[in-house]
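Reader: Hey, I'm new to this one. Can you walk me through it?
Author: Sure, have a look first.

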Amino acid sequence: MGDTKLAATTYYQSGAYDSDLSIVAARAGAWMAARIPQVRRPAVVFDIDDTALSNWEVIKANDFGRVFKGPCRFLSDGPCGWVAWDLLGRSPAIPQSRATFRQARSLGAEVFFISGRDESQRAATERNLQAAGYDGYRRLILTPGESYYRSAADFKEPQRAAIEQAGYKIVANIGDQPSYLAGGMPKGPS
Ligand SMILES: [Mg+2]
């Protein structure tokens, strides 16, 4: 565990994380620029945590531990409960993701956020997204309170299907976890 934490910290602090973000954002941008004009009612899906917004501050404070409940009074040394952290609404934007978001909007796509955060965090999450510069998204989709999903895919895949059933074509799905991509893409109108 110690080696893994050190590797992750080094990855972040060396600038490698930042440059990898730039690389994937450039790829996403090139894809969207080519694909969005080709479809009717294009949509782009974004994850929030560690995609649109950075939680590095709380990850570091908790030394990579998953401190879920409890207060968040001890930044920057931790511990800080994740729910309380989310309610603070102070996560900064990941600039490359925000640029990708703005590019999607300017190319004419609607943006849907699909997050594993639950409905009790809606107001704080909307405030945080606004403060971080994410303006003009179509919808913020959160899990119902008290729900439990074995994997993020169990929640997110049906939500993407619902977006396509509403007549949108999802051209990009942007997130930091492989489970967000699991389940693939539903077949929808092109
Ligand atoms: Mg995430």
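Author: One term up front: buried means under 20% relative accessible area, exposed over 50%, and partly exposed in between (1.4 Å probe, protein chains only). This is a predicted model, where local features need pLDDT of at least 70, side-chain atom pairs count only at pLDDT 80 or more, and totals for chains, interfaces and linings use all residues. Residues are numbered from 1 along each chain as its sequence is written, and side-chain values use heavy atoms, with hydrogens and water left out.

Reader: Ok, is Arg139 buried, exposed or partly exposed?
Author: Arg139 is partly exposed, because its relative accessible area is 45%.

Reader: And where is Arg139 placed?
Author: Arg139 is in strand S3, residues 139-143; strands (E, at least two residues) and helices (H or I, at least four) are DSSP runs numbered from the N terminus.

Reader: How many helices and strands are there in the protein chain?
Author: The protein chain has 7 helices and 4 strands. Of its 190 residues, 42% count as buried.

Reader: New topic: what's up with the phi of Arg41?
Author: Arg41 has a positive phi of about 50 degrees, although it is not a glycine. Most residues other than glycine have a negative phi, and most peptide bonds are trans. Arg41 lies in the loop between helix H2 (16-35) and strand S1 (42-46).

Reader: Which residues does a cis peptide bond join?
Author: One joins Leu75 and Ser76, with omega about 10 degrees. Another joins Gly78 and Pro79, with omega about 0 degrees. Ser76 lies in the loop between helix H3 (56-61) and helix H4 (82-88), and Pro79 lies in the loop between H3 and H4.
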